[in-house]
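Visitor: I am new to this structure and should like to understand the terms used to describe it. Would you kindly take me through them?

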Amino acid sequence: MNKSMCSERGMIVKKWNYIISVITACSGTLIMYESSKLSLRYTVSGPGAGVWPMMLGGLLLLCALALFIITFINKEKYGKLEIILNTAANKRVYIVMGAIVLYCILLKVAGFYPATALVIPALMYIMGERRIKRILCTMVFGVIGIYFIFDVLLHTKLPVSIFL
């Protein structure tokens, strides 16, 4: 690794905060740009397709700005602070990130409900829950609750399997 980015033990927070804030700002700007191509109007049936992505893109932009400003204000503190990436807590984060990527793939392949029914117990187990009854109850009531809210009440169709 580059000497200015990494010491013997870990990576310097300040530089990575700046890098992350720029990437996040670019992502937010891109989301806002792309959502501006969709309808931003409010109609009797609700907001247009671009409203929520536009708001989320703006929120990303604000978070990027906040991270940049906080890092700049505390540059001395963050210039000495290091991140150690191979701790047990960070490894759990990497596993959760991998599970989310698999969930995104499963959404396309299996559809929303089967993918969610698999990911809820998996994430609960990763986070340390070992009581099978609690895991199963959370999965069943979570999926049923989502179905009731989105499919029954809001008449919103969630992703279905590519095989259907």
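Visitor: At what angle do H4 and H5 pack, and how far apart are their axes?

Guide: In this predicted model, H4 and H5 pack at about 170°, and their axes lie 9 Å apart.

Visitor: Why are H4 and H5 called roughly antiparallel to each other?

Guide: The term applies to angles over 145 degrees. The angle for H4 and H5 is about 170°, and the two helices are therefore roughly antiparallel.

Visitor: Which residues of H4 and H5 make the contact?

Guide: On the H4 side they include Arg92, Ile95, Tyr103 and Leu107. On the H5 side they include Phe112, Ala115, Val119 and Ile126.

Visitor: What makes up the largest nonpolar core?

Guide: Six residues form this core: Tyr103, Leu107, Phe112, Ala115, Val119 and Leu158. Helix H4 (88-109) and helix H5 (112-126) each supply at least two of its residues, and H5 gives the most, with three. Apart from this core lies another, of five residues, among them Ile120, Met124, Ile135 and Met139.

Visitor: Which residues does phenylalanine 112 touch, not counting those up to four places away in sequence?

Guide: Phenylalanine 112 touches Tyr103, Leu107, Ile146, Leu158 and Pro159.

Visitor: Why is aspartate 151 called buried?

Guide: A residue is buried when its relative accessible area is under 20%. Aspartate 151 has a value of 16%, and is therefore buried. This aspartate is found in helix H6 (residues 132-153).

Visitor: How do you know that the side chain of aspartate 151 makes a polar contact with the side chain of lysine 157?

Guide: Such a contact requires a suitable pair of N or O atoms within 3.5 Å. For the side chains of aspartate 151 and lysine 157 the distance is 3.0 Å, and the pair is listed as a polar contact. Leaving aside neighbours within four places in sequence, aspartate 151 is in contact with Tyr113, Ile146, Thr156 and Lys157.

Visitor: Why is isoleucine 31 described as partly exposed?

Guide: Partly exposed residues fall between the limits of 20% and 50%. Isoleucine 31, with a relative accessible area of 33%, is therefore partly exposed. This isoleucine is found in helix H1 (residues 13-35). Beyond its neighbours within four places in sequence, isoleucine 31 is in contact with Pro53, Gly57 and Leu60.

Visitor: How is the protein chain divided, and what distance separates the centres of the domains?

Guide: The chain is divided into domain 1 (11-83) and domain 2 (85-163). Taken over C-alpha atoms, the centres of domain 1 and domain 2 are separated by 25 Å.

Notes
Residues are numbered from 1 along each chain as its sequence is written. This is a predicted model: local features need pLDDT of at least 70, side-chain atom pairs count only at pLDDT 80 or more; totals for chains, interfaces and linings use all residues. Side-chain values use heavy atoms; hydrogens and water are left out. Domain bounds come from an automatic or database domain assignment. A nonpolar core is a set of buried Ala, Val, Leu, Ile, Met, Phe, Trp, Tyr and Cys residues joined through side-chain atoms within 4.5 Å. Buried means under 20% relative accessible area, exposed over 50%, partly exposed in between (1.4 Å probe, protein chains only). Helices (H or I, at least four residues) and strands (E, at least two) are DSSP runs, numbered from the N terminus. Contact means heavy atoms within 4.5 Å. A polar contact is a pair of N or O atoms within 3.5 Å; within protein, one must be able to donate a hydrogen and the other to accept it, and residues adjacent in sequence count only if both atoms are side-chain atoms. Axes are lines fitted to C-alpha atoms, for helices over the stretch in contact, and angles run from 0 to 180 degrees between N-to-C directions. Angles under 35 degrees count as roughly parallel, over 145 as roughly antiparallel, 65 to 115 as roughly perpendicular and the rest as oblique.
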